[in-house]
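Work through the exercises below with the sequence and the coordinates open. Try each task before reading its solution.

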Amino acid sequence: MHIPDAFIPIWQGGIYWIIALVFVILALRWAKNEMSEEKLPLVAVLAAGIFALQSFNLPVSMGTSGHLVGGALAAIILGSPFAAVFILTMVLIVQGVLFGDGGLTTMGANIINMGVIGGFVGFYSFKGLMKMTKSMPVSGFIAAWLACLIPALACAIEMFLAGTFPLKEGLLAMGIYHAAIGVIEGIVTVAAIYLITSVRPDLVDSGVKPAAGGAKAA
Amino acid sequence: MIDNKTFLIGGIIVALLIGVVAVFLASGDPDGLESTALIVQGEKTLTGGTPEGAEIHEDLTGKFSYESPMPDYSLGEAMGSTGGIVAIVVGTLLAFGVVLGIAYAIKLAGKPVKQNQ
């Protein structure tokens, strides 16, 4: 759901950039205060992995394809929605500047959708679902699915405000496509959490593991 | 448990492998946003396939445009999948480097203040 420059008027893109910058500054503050030095390799590897996975479009039928976005993954693994804002912002800068994947004037909107909304939806729905189900795969899958669907609906509203899509048609198509793409988001997110927790459980935020299983102090 | 160095190198290798495989196997179908744009323009139905040659018409009035050095993760037709691999490898390493660099810079910038007290 990388919005290209042609889809949003420059002035509206500017407004999204201003909102996005507030969250980017908060994310940099998170990196400074909350991110421990041992976690630096994990943060960087996650950025590389999310970049690579984002290039891997998988068909989801209906003549459409989709890929992992990674907001839920970054937020869940690192234990903060701002981790998603931090990593997704950097990934979007590389994609937009070097590869023209997502525009420059629309980068603010893309940061808001995939980093901010994806990160917050993914993180808090995972937290809530973990309390209810105590199951990482169930919570991770649903949280990641929501973190794909809800940013897509936000994107549809932005497209309506930009005069690019009509509201109803945009919401319907974006919703249906990303409900399907969200299945990829869910599966890849759970697989990645599983993989990272099995090789380096100490790096992963303790909220991922049930208290009984994660006796090791972070 | 594996140490930091193994995790870093292993992580980059996994990311690069995913990216390189994607060059060959990734679907060429439009993504959700592009598909929606095609529907709005009457070139595609909601659940139907995307017709070959379907193109998104862009109205550029009041919009910004920018030519990136490696559009669509490729170095142009002539370079084919080799160009695709180069683009993905550069992008993956850059995503890694930029995040590591900025994260370190932030951490280092934050330190002296605390140490001076």
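The exercises concern a predicted model, and each is followed by a worked solution.

**Exercise 1. Overall fold of chain A**

Determine how many helices and strands chain A has, and in what order they run.

Solution. Start with the count: chain A has seven helices and two strands. Next, read them from the N terminus: α-α-β-β-α-α-α-α-α.

**Exercise 2. Radius of gyration**

Test whether the radius of gyration of chain A agrees with that of a compact globule.

Solution. Take the length first: 218 residues. The rule is 2.2 Å times the number of residues to the power 0.38. For this length it gives a value near 17 Å. Chain A has 17 Å, so the two agree. Then look at the box: along the principal axes, the C-alpha atoms of chain A fill roughly 55 × 35 × 25 Å. Add burial: 64% of the 218 residues count as buried. Finish with contacts. Of those in chain A with a separation of 6 or more, 70% join residues 24 or more positions apart.

**Exercise 3. Two helices of chain A**

Compare the end-to-end distances of H2(A) and H7(A) with the spans expected at 1.5 Å a residue.

Solution. Begin with H2(A), residues 40-54. It has 15 residues and should span 21 Å. The expected span uses one less than the number of residues. The end C-alpha atoms of H2(A) are 21 Å apart, which agrees. H2(A) is also mostly covered, with 14 of its 15 residues buried.

Now take H7(A), residues 167-199. It has 33 residues, and 48 Å is expected. From first C-alpha to last, H7(A) reaches 45 Å, close to that value. Check the axis as well: H7(A) has a kink of about 30°, centred on A:Ala179.

**Exercise 4. Positive phi outside glycine**

Decide whether A:Ser61 and B:Tyr73 are buried or exposed.

Solution. Take A:Ser61 first. Its phi is positive, about 65°, although it is not a glycine. A:Ser61 lies in the loop between strands E1 (58-59) and E2 (65-66) of chain A. Count neighbours: 11 other C-beta atoms lie within 10 Å. The cut-off for exposed is 12 or fewer, so A:Ser61 is exposed.

Repeat for B:Tyr73. Its phi is also positive, about 55°, and it is not a glycine either. B:Tyr73 sits in the loop between H2 and H3 of chain B. It has 24 other C-beta atoms within 10 Å. Buried needs 20 or more, so B:Tyr73 is buried.

**Exercise 5. The contact between the chains**

Describe the side of chain B that touches chain A by helix and by residue class.

Solution. Size it first: the contact takes 59 residues from chain B and 57 residues from chain A. Assign helices next: H1 (4-25), H2 (32-40) and H3 (80-115) of chain B each supply at least two residues of this side. H3(B) gives the most, with 16 residues. Then sort by class: this side of chain B has 35 nonpolar, 17 polar and seven charged residues.

**Exercise 6. Confidence**

Find where in chain A pLDDT stays under 50.

Solution. Start from the average: chain A has a pLDDT of 94, and 95% of the residues score at least 70. Now locate the weak stretch: pLDDT stays under 50 over residues 211-218 of chain A. The model has seven contacts beyond four places in sequence for these residues. Where pLDDT is low, the predicted coordinates should not be read in detail.

Technical notes: Residues numbered from 1 in each chain as written. Chains lettered and ligands numbered in written order. Predicted model: local features only at pLDDT ≥ 70, side-chain atom pairs only at ≥ 80, totals over all residues. Helix = DSSP H or I, 4+ residues; strand = E, 2+ residues; numbered from the N terminus. Contact = placed C-beta atoms within 7 Å. Nonpolar A, V, L, I, M, F, W, Y, C, P; charged D, E, K, R; others polar. Bend = angle between axes of the 7 residues up to and from the residue. pLDDT = per-residue confidence, 0-100.
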